[in-house]
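Subject: Structure handover

Hello,

Please find the structure below, followed by notes on what was found in it.

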Amino acid sequence: MIRAIASEWRKLTTTRMWWGLGIVLIGYVGFTAAMFAGLFGAVAAGLIGADAAGMNGSPIPEAVLPSLVYSTVTAVGYVIPLILGTLSVTAEVRHRTLTPTFLATPSRPTVLVAKLVVMVGAGAALGVAGLVAAMGIGGGTLAALGIDPQFAVADTWWLAARVALAMGVWAAVGVGVGSLIQNQIAAVVVVIAFTQFVEPILRLGAAFWEPAAQVGRFLPGAAGDALVGSSIYTMVAVGPATVEALAWWQGGLVLAAYAVVAAAAGWATAWRRDVT
Amino acid sequence: MTGSTIEVNGLTKRFGDRLAVDDLRFTVRPGVVTGFLGPNGAGKTTTLRMLLGLVRPTSGTATFDGRAYRELEAPLRTVGTALEAASFHPGRSGRDHLRVLAAAAGLPDARVDAALETTGMTEAGRRRVGGYSLGMRQRLGLSAALLGDPGVLVLDEPINGLDPEGIRWIRGFLRALAAEGRTVLISSHLLTEVQQTVDEVVIISRGRIVRQGPLDVLEARPAVLVDAPDRAALAAALAAAGLESTAREAGLAVLDVDAEHVGAIAHAAGVPLRLLQPESGGIEDVFFQLTESEYGAEPAATDAGTGATTAVTA
C-alpha cells in the first residue's frame, strides 16, 4: 500500500496538471476574495452605502467578513480539487496507463485506495494554496479598508484547517466520480453540470419547503459548506424554510461518505472491467 | 538467472458471441525465445492480457511457475511486460513514467536509469513522451519491462516500429536474455520478423492453436500446388483421399504430400490437371497456409496441436 501511494504521488507530480489547476484555483479564489473583501468591506466601513451595493440596508457585520472572504476557497474553488480527483482516474483510462499501473500493482482495490489517499493530500495542498491567496489578497484588502483581518484569532485558523480538509475530501469525491464515470469528457461534464447548475438549483428550491430542506442539507455542496461552516451561499440564504445546517463534523462525514460510496460503486462496476 | 515457466491451460475468452480465444494450451520454457504468432485479430493480445491478469478469462488458467500474475509477490521483478506502444501519459517524461512504476515496485531510481541506459533512452528519457516516435515508445516500453530485472519477459509486437538498426539490436538482445536463462515470450503477426530470433513457436489463428513446437516444425514440409479446369472435382477427390486443401489464386495448396501422390489421386478420380507443382515449402508459406484461413472460409487446419509432431492435416 505504501508503494502504491508513493507511485500515485509520483503520477500526480510528474505532469503539469496539478500546478495548472493550482494556478487556476489561486487566480479564481484570489479574484473572488478580493472582490468580496473590497465590496462588503467598503460597505461595512461605510465607504459605500449598503443600498447602493444592493444589500437592502443590512451590511454584513465586520466580525464575520474575514471568515466569509477566506471561505471563498471552498465556496467557489471546491470544483478544482473535485476535477483533480476525477482526472486522476479518467486520465489513466484515457491514456491507457491503467495497463502499466495494474501490471505494477495487480491488486486493483489497492490502487483505488492509494488514489483516495494521495488525492486527499493533494486536495488539502490545493486548499492551502487557495488559503494563501484568499487570506493574502482578501485579508490584505480588508486590512486596507480598516477592517481587522482576524489573523490573530484562533477561530480563523480553525476555519482555515476545515477549508483545507474540505478541499481534500472534495478531491476524494472526485476519485469516486472518476472511478464511476471513466470517460474523461463525460466525467468532467457531469462534475461541472452538477456543481454549477444542478446542485445550486436543488439547494435553492429546497430552501422553500421544510421537508426538502431537511434532505437538502445532505447534498454534497451543502455538506461541504457545513464542514467549512461559512460560505457566501449560506450568508445569502433565501427562502422561508429554516433548517439548522449540519454540524461541521457531520458535514465532513457526509461529504466523505459521498467519496466512499462513489468509489465503492466505481470499484464494483467500471474498476473491475477488463483492461484492453 | 532462471525464469519461471509459463503454463497456459485451457485459456478461453468469450466477448459476447465471439470466441476470441479458444482453449489454448501451451508451455513457455526458460532459456529460449518463444514466438507467439498469428495474424492480427487472432487473439494474441487478449491471450497475453489474460496471462497478465488484465483481462479475466472466461475459463482456464495462465500461470508463472504455478502462480497467477495477480498472486505474484513482486510482479515487476518476476515478469517484465511491454504490451503496447501507446500506454504512456503524453505529458510525462519517459524517465518519470519509469519512476512511477519503480515506486510501485519498490525499486530505486538507479534501476530506472539502468533500464534507460540499456535501451539507449537515457537522453530521450528526459523529454515528454508526447514527442516520441513509435520506435522510441517501443524502447521505453522495453525499458519498463526490464525495470525489475525480471526472469520472464512478455513482449507484444516488440519489433513493430523499430528501424533496421533497432531490429538488429533487439534480436541480439532477446537472444542474450534467453541465453542468461530467462523466459522470453514475444508476439508477432509476421513470422519473418521473428524467424531469426525465436527457437520455439506457438501459432494461433482465430483464437486456436494451429501449430506449436520448435521453429523447425514449420520447415521442410513438402507442399504441392495443384489445379484443374474443374477445381471443385479436384478438391472433392483430394478430400476423398483424406487430404485437406486450401484454395489459392493459382490453384489448391496441399500440405504434407508430394506431387506424385496428388497426381495419382487426380488420375484415379479421372480429373484432368492443368497444374501440378511441388512447392518449396518455405517457412513463410507454411505460416500463411496455417493462418490464412483467418480471412477465408474454413480453417485449413483446425487441429489444436497438442505437440510439435501433430500433423496439420488429420
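In what order do the elements of chain A run from the N terminus on? They run α-α-α-α-α-α-α-α-α-α-α-α-α, and the count for chain A is 13 helices and zero strands. Helices (H or I, at least four residues) and strands (E, at least two) are DSSP runs, numbered from the N terminus.

This is a predicted model: local features need pLDDT of at least 70 and side-chain atom pairs count only at pLDDT 80 or more, while totals for chains, interfaces and linings use all residues. Residues are numbered from 1 along each chain as its sequence is written, and chains are lettered from A and ligands numbered from 1 in the order in which they are written.

Overall dimensions: along the principal axes, the C-alpha atoms of chain A fill a box of roughly 65 × 40 × 30 Å. The radius of gyration of chain A is 20 Å, which agrees with the value near 19 Å for a compact globule of 276 residues. That radius is taken over C-alpha atoms, and the globule rule is 2.2 Å times the number of residues to the power 0.38.

Contacts (C-beta atoms, placed from the backbone, within 7 Å): of those in chain A between residues at least 6 apart in sequence, 83% join residues at least 24 apart. Leaving out residues up to four places away in sequence, A:Ala259 touches A:Leu116, A:Val169, A:Ala172, A:Val173, A:Val175 and A:Gly176.

Regards

Definitions and conventions. Two residues are in contact if their C-beta atoms, placed from the backbone, lie within 7 Å.
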